[in-house]
Amino acid sequence: MKFKTKHCILILVLLTIIFFNDMFLHPSYVFQERDHKDGFLYLYNYRHNSFEEYGQFPLWDTHKYSGMYPDVNTPHFYPFDFLFLFVFEDQFLNWFIFLHIFLAGVFTYFFARSLELDEFPSLVAAIVFMFSGRVITLIGASVSQLASVALVPLVFWMFQLLIKKKKPINVVL
């Protein structure tokens with residue numbers, strides 16, 4: 001059977017849905033409620049409420065210690081992170097994690113294709129990376145690091161395109 005890119009992307013979507021089936025079967029479920037619930041969700045919620053009430057990022061959090069800067073663990077200017085400013089639900093973090101696991105696979109697939117691998121080996125590379133120990137353990141450890149690791153294949157892919165095509169637009173992307 002000859003794989004095509006659209007089939008490979010569909011397989012990555014299906015594998016991600018199967019891996020995160022709890023998210024679809026139990027919509028109120030939040031991944032790894034320990035650190036995410038106490039740490040990240042608090043920070044995102046605090047930032048969302050501050051932005052909603054005052055129209056700006058919070059500058060100081062009086063609820064921690066004697067006061068401190070509130071967002072030391074969350075990225076301020078990451079594009080997907082801006083969505084937390086406008087829509088905040090605990091389950092939104094699930095979608096954030098789901099999306100980044102999927103993006104890790106898609107970007108790895110396209111990076112492998114840029115190395116002139118066929119569709120099937122590229123698909124295998126994508127599956128191995130997106131479900132690797134490093135990526136999956138970040139679900140329970142750090143959402144910020146998960147987002148960073150998911151984008152590493154994108155950086156490699158753009159660098160590969162820059163080398164091959166020598167177009168400056170690939171550096172900007």
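**Exercise 1. Determine whether glutamate 116 counts as buried or exposed, and describe its backbone and its place in the chain.**

Solution. Glutamate 116 has a relative accessibility of 67%, and because the cut-off for exposed is over 50%, this residue counts as exposed. The model in which this is read is a predicted one. The next step is to place the residue: glutamate 116 sits in the loop that runs between helix H5 (90–114) and helix H6 (119–130). Turning to the backbone, most residues other than glycine have a negative phi. Glutamate 116, although not a glycine, has a positive phi of about 70°.

**Exercise 2. Classify threonine 108 as buried or exposed, and list the residues that it touches beyond four places away in sequence.**

Solution. Threonine 108 belongs to helix H5, and its relative accessibility is 9%; since buried means under 20%, threonine 108 counts as buried. Leaving aside residues up to four places away in sequence, threonine 108 is in contact with Ala125, Ala126, Phe129 and Pro153. One of these partners, Ala126, is itself among the buried residues of H6.

**Exercise 3. Compare the span of H6 with the expected value, and work out how its buried residues are arranged around the axis.**

Solution. H6 comprises 12 residues, and from its first C-alpha to its last it reaches 16 Å, which is close to the 16 Å expected at 1.5 Å a residue. The buried residues in this helix are Glu119, Ser122, Leu123, Ala126 and Met130. When H6 is viewed down its axis, these buried residues fall within an arc of 100°, and therefore they line one face of the helix.

**Exercise 4. Describe how helix H7 and helix H8 pack against each other, giving the angle, the distance between the axes and the residues that meet.**

Solution. Two packed helices are described by the angle between their axes and the distance between the axes. For H7 (residues 133–141) and H8 (residues 143–165), the angle is about 155° and the axes lie 7 Å apart. Because an angle over 145 degrees counts as roughly antiparallel, H7 and H8 are roughly antiparallel to each other. The crossing of H7 past H8 is left-handed. At the contact, Arg134, Val135, Leu138 and Ala141 from H7 meet Val143, Gln145, Leu146 and Val149 from H8.

**Exercise 5. Summarise the chain as a whole: how many helices and strands does it contain, and what percentage of its residues count as buried?**

Solution. The chain contains nine helices and zero strands, and 40% of its 173 residues count as buried. Among contacts between residues at least 6 apart in sequence, 65% join residues at least 24 apart.

Key. Residues numbered from 1 in each chain as written. Predicted model: local features only at pLDDT ≥ 70, side-chain atom pairs only at ≥ 80, totals over all residues. Heavy atoms only, no water. Helix = DSSP H or I, 4+ residues; strand = E, 2+ residues; numbered from the N terminus. Buried < 20%, exposed > 50% of the residue type's maximum accessible area, 1.4 Å probe, protein only. Contact = heavy atoms within 4.5 Å. Expected span 1.5 Å × (residues − 1). Arc of directions from axis to C-beta. Axes fitted to C-alpha atoms, helices over the stretch in contact; angles between N-to-C directions. Parallel < 35°, antiparallel > 145°, perpendicular 65-115°, else oblique. Left-handed = near helix turned anticlockwise from the far one by under 90°.
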